[in-house]
Amino acid sequence: MTTLAHYLNTPTIDPALSDVITTITDVGKTISQLLRKGALADILGEAGNQNVQGEDQKKLDVLANDLLLDALAQNAHCAGVASEELDHATPANADGSLLVLFDPLDGSSNIDINMAVGTIFSILPYQRQGQVSTDSDFLQAGNQQLAAGYLLYGTSTMLALTVADTVVMFSLDPDSGDYVLIEEAVQIDADTSEYAINGSNYRYWRAPMQQYIDELIDGHTGVRGRDFNTRWVAAMVGDVHRILCRGGLFTYPFDTKDIKKPGKLRLMYEANPMSLLIERAGGSATDAVNRILDIEPTDIHQRVPVVLGSKNEVEYVKNLHVQHANA
Ligand code: F6P
Ligand code: MN
């Protein structure tokens, strides 16, 4: 049996990185316990304020955010923290070599209905050790990430992590409190018949995305010549987990619902960490055309359209977009 502690304790992984991952995953145990208590802990419901993106915060979002922030601020290797719930990054220990970004509770509309939610994290190098970190230090492309992962609080708590060339998965043993390795090299099939999209936004999509979904719905009667199946968890962390487990395509595409938002998902603490996991597991992650990991960020909270998952299917979506652009 390999625990997370064993896995991280190897000469090939920077001890600072191991330490920060341990801090995040330890907080994940606490968040997991809070979620297990559910309504009994009297912690559900709106906290009464809104986050940076103008969305209502649930109490647990705030709690998860504060727990992560406090724990990381005390970690000597962490030079700064950026979160979905904070307007600006918070400087931590100037001598630290790492920056951490996180979505403390992804899919928070699922909390009150006892469905899956998760914590997503991304770890970047800190280039100005010895000086106080600011927002601009975080503006690095996803291909610079040193590690990324998520905790999924589902029927059991799982950790997906990439800190080397592979993606590994751990399951939290509720008896021992250890994360136990269950999958050493996650791989996603190149082909799939399963896709995830919020179809209610159809009228706001661009023509190639509408064509793509039309083709999937036509199934064996249309150009694809086979049937496809929809799944939508309404928490990206759940949809990405399913894709790491059995393949598939997930998209939250560009839409015109709100012209200020080119997509719904956030590049730096949702799309980038998930894209690193997906690519390292043999899949692809794009904004429909371009590789997400190569996007140079301009804002820690910027949004991006996302198409990720099984390689051939992501490529198919890209080709449709390129054809439309050239038509
Ligand atoms: O963080 C944003 C998010 O909650 C994702 O986790 C999820 O994929 C998406 O929004 C759900 O969006 P919608 O409410 O449109 O289904
Ligand atoms: Mn989220």
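A residue counts as partly exposed when its relative accessible area lies between the buried range, under 20%, and the exposed range, over 50%. By that yardstick G199, with a relative accessible area of 41%, is partly exposed. Please keep in mind as you read on that this is a predicted model.

## The chain as a whole

The protein chain holds 7 helices and 17 strands. Its radius of gyration is 19 Å, close to the 20 Å that the globule rule gives for 327 residues, so the chain is as compact as a globular protein of that length. Along the principal axes, the C-alpha atoms fill a box of roughly 55 × 45 × 40 Å.

Of the 327 residues, 54% are buried. Among contacts with a separation of 6 or more, 64% are made by residues 24 or more positions apart. The accessible surface comes to about 14000 Å², and carbon and sulfur atoms account for 49% of it. As for charge, the chain carries 23 positive and 43 negative charges, and the mean positions of these two sets are 5 Å apart.

## The manganese site

Which residues coordinate the manganese ion (ligand 2)? The donors are D103 (OD), D106 (OD) and E270 (OE), at 2.0 to 2.2 Å. Written along the sequence, their spacing is D-x2-D-x163-E. Distant parts of the chain are linked here: D103 sits in strand β5 (residues 98–106) and E270 in helix α6 (residues 267–280), 167 residues apart. D103 has 0% relative accessibility and so counts as buried. E270, at 2%, is buried too.

## Helix α5 and what flanks it

Helix α5 spans residues 236–246, and 9 of its 11 residues are buried, so the helix is largely enclosed by the rest of the structure. The buried set mixes side chains of several kinds, including V237, D239, H241, R242 and L244. Just after α5, G247 takes a positive phi of about 80 degrees.

On the other side, A234 is found in the loop between β12 (229–230) and α5. A234 has a positive phi of about 70 degrees although it is not a glycine. N114 is another non-glycine residue with a positive phi, here of about 60 degrees; N114 belongs to the loop between β5 and β6 (117–125).

## Loop residues at a glance

Is P253 buried or exposed? The table sets its value beside those of three other loop residues.

| Residue | Relative accessibility | Class |
|---|---|---|
| P253 | 6% | buried |
| A234 | 36% | partly exposed |
| G199 | 41% | partly exposed |
| N114 | 70% | exposed |

P253 is buried, then, at 6% relative accessibility. This proline is placed in the loop between β13 (249–252) and β14 (265–266). Leaving aside residues up to four places away in sequence, P253 touches I197, W205, M209, G263, P305 and V306. The C-alpha atoms of P253 and A288 are separated by 7.4 Å, with the two residues 35 residues apart along the chain.

G199, where this report began, lies in the loop between β11 (194–196) and α4 (207–218). A distance of 9.5 Å separates the C-alpha atoms of G199 and W232, which are 33 residues apart along the chain.

Notes. Residues are numbered from 1 along each chain as its sequence is written. Chains are lettered from A and ligands numbered from 1 in the order in which they are written. Side-chain values use heavy atoms; hydrogens and water are left out. Helices (H or I, at least four residues) and strands (E, at least two) are DSSP runs, numbered from the N terminus. The radius of gyration is taken over C-alpha atoms; the globule rule is 2.2 Å times the number of residues to the power 0.38. Buried means under 20% relative accessible area, exposed over 50%, partly exposed in between (1.4 Å probe, protein chains only). Contact means heavy atoms within 4.5 Å. Accessible areas come from the Shrake-Rupley method with a 1.4 Å probe; for residues, only the protein chains shown count as cover. Lys and Arg count as positive and Asp and Glu as negative; His and the chain ends are not counted. The place of a charge is taken as NZ of Lys, CZ of Arg, CG of Asp or CD of Glu. Donors are N, O and S atoms within 2.8 Å of the metal (3.2 Å for Na, K and Ca); water is not among the atoms, so sites may look incomplete.
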